[in-house]
Amino acid sequence: MTTHDSTLSVPTRRKALKLFGTAPLLPLGGAALLTACGGGSDGNFNFAGVTPSPAPAPAPVPAPAAQYVSTEFSSMPAPSLVKPAEMATTTTSSVMKVAFNDGSSVSYNLAYQPYFISGQMVPDGKGGTVLAGGYYDINNKPIIDSSVAGKERQFFSDCADGSSLLTVPGAKVSGVKGNAVFAVVQFEYTSLAQDRKTDMYGKLPSPIAVLTLDQDPKTGKLSLVKYHNVDTSAAHGLWITCGASLSPWGTHLSSEEYEPDAFTIASNTMFQAYSKNVFGDATKANPYHYGHLPEITVNADGTGSCKKHYCLGRISHELIHVMPDERTALMGDDATNGGLFMFVADKARDLSAGTLYVARYDEVLTDTSTARLTWINLGHATSAEIEALANALVPTDIMDVQTADPADATYTRIMYSGKANWIKVKTNKDKAAAFLETHRYAALKGGSMAFTKMEGTTVNVKDKVAYSALANVQSSMVNGNSAWMSSANVTFPKVLNCGVVLEHKLGGGAKDSSGAAIDSEWVAVSSRVLLTGEDLSTPDSLGNTTNPDKISSADNLKFSEKMRTLFIGEDSGHHVNNFLWAYNVDTKKLSRILSTPAGAESTGLHAVDEINGWTYIMSNFQHPGDWGSIHNVVKGTLEPLIRSNYGDGCAVGYLTADPVQYRLVKG
């Protein structure tokens, strides 16, 4: 449901199109005047005996086109039970105002446009249909949900996550009448089987789809014409794909979150169910094949291919961002006792070989400090050699891990996933340890493995800073907690359920902990807290346990260079409705621009400054109606509304505007 603020000026469709169609052209420069041999200095032809004609008046120089200056978003109110329908759907009443240097501006009422709700049948581009968000096994056969007898159906996801919007040179897809634009969307997991009792988290291989979209050249609106499910069998299937980003070279960089612990895999019933669903065999899946970085390449015909990179560390990959040098990648790590990781590729546009680093804080990072950091070189590898090691080795080939103190000085005590481990790397197995047991090895080497739920990562190129979302500040980050280690130099005085957004200053000339130069101009050299929310001592009248007018549990992050805006999507168990925010880094204004259905997480964020002249903010949501204790006040009212709106599905879509898609140019 979308509401509009009638107090702000919004052009009608006719007026908006007229405005865009009559904008002044770019100046062409002064007209050249021809001069012939013997001609006068006035530039006129002057043949003997011929009276010269008067010189024509020079054509007027067109006025320069108005240039973009800024974008401002109004902040919409949080929905409430005064209008319960707004709490049960994706709602926005924010207005986007685009200003130009001639003093003019255009204001757009924002709206939300889904391409589909998962579980719907959508066009496959071949004259038929395919199930949106549907699951497939290693042989690309549908995986069937048999939890309700007589109603067997293909499993589909209610958890759309990372997405990218892009173009491909020479694209040609049947059914596209305007411009061919592609979106890649991945599905993290499905919450429950159709019986709404059987927990399915982590038990199915994450699907990824390429969407072919028909972009209307006159309005910028996007329409789905083809849904292609990407074959991931060569990558052994995908494990819990979460956030994503678009690489500088136009590929979709996915993720595999919460890598399964290889040392306890024999008792991991979730992983056994995953293996059964993927391979038809509960023992066949290899834990070392998961926790890596998949890359999706979109083809000109709207299909896509997948390859998995094994050399960026086996961590809880939430979201990776590659810097403008097309080699340096900063990585979020959504774990307890997680770290800040960096990868520097050997070659631009090629993540198949490079050097892995983990950050060590040399000063204490708190809620108020700026802390310098140094990078520890964990090793160099190619994807092929790490995949070969994953195929050949079992955990005990790589290191010895004890969960009780062995009283042996050859072991090193570390914190792993909130608990103490005592570890020792086997002889000549450092490379395998670095890239397959990355969390443990990084802690062994002195990395600051202290973060909790480090999620989205993005970069502000102009200011040369990066941002990391920490959904919660808890356990390993909090002074005195059992998972906290003072030596990690990450010490917050108390739990912050609302979480924080970190800012990292980037630069060149950095050296690693051994003194060796790091071959990159985009290395994080210090960190500080940029934004935080506010925990409430008692819940408010709706049940919110953090202030709904401030961020809570930042997850998805994307930065728009032109709009100078950091977009923040929430994954909060503390806001009754999660929100999408826009934070202008110059004005410091924080605006709520969208609300997702109660219980849903704001996902799939991708800010696109320009595609064929139009600007887009991609936004999905997942698991609407995923009720927690904070929803006790609203659940009874909202449950039937949410089920009516979405069934067992979720939405994949983007922020649009009324009457036309917004843009940052005039004309």
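Below, a student and a tutor talk through some terms used for this predicted model.

Tutor: Local features in this predicted model need pLDDT of at least 70 and side-chain atom pairs count only at pLDDT 80 or more, while totals for chains, interfaces and linings use all residues. Residues are numbered from 1 along each chain as its sequence is written, and side-chain values use heavy atoms, with hydrogens and water left out.

Student: What makes Phe271, Tyr274, Ser275 and Val278 lie on the same side of α3?

Tutor: These four residues of helix α3 (residues 269-279) are buried, a word that means under 20% relative accessible area with a 1.4 Å probe and protein chains only. They cover an arc of only 100° around the axis, and therefore share one side of α3; the arc is taken from the directions from the helix axis to the C-beta atoms. An α-helix has 3.6 residues a turn, so residues three or four places apart point the same way.

Student: How do you know that Asn268 caps the N-terminal end of α3?

Tutor: A side-chain oxygen of Asn268 lies 3.2 Å from the backbone nitrogen of Met270. A polar contact is a pair of N or O atoms within 3.5 Å, one able to donate a hydrogen and the other to accept it, so a distance of 3.2 Å meets that cut-off.

Student: Why are β1 and β34 called edge strands?

Tutor: The open sheet has 6 strands in the order β1-β2-β3-β36-β35-β34, with antiparallel pairing, and β1 (68-73) and β34 (601-611) each pair on one side only. Two strands pair if DSSP finds at least two bridges between them; 5 bridges join β1 to β2 (residues 95-100), so this pair meets the definition.

Technical notes: Buried < 20%, exposed > 50% of the residue type's maximum accessible area, 1.4 Å probe, protein only. Helix = DSSP H or I, 4+ residues; strand = E, 2+ residues; numbered from the N terminus.
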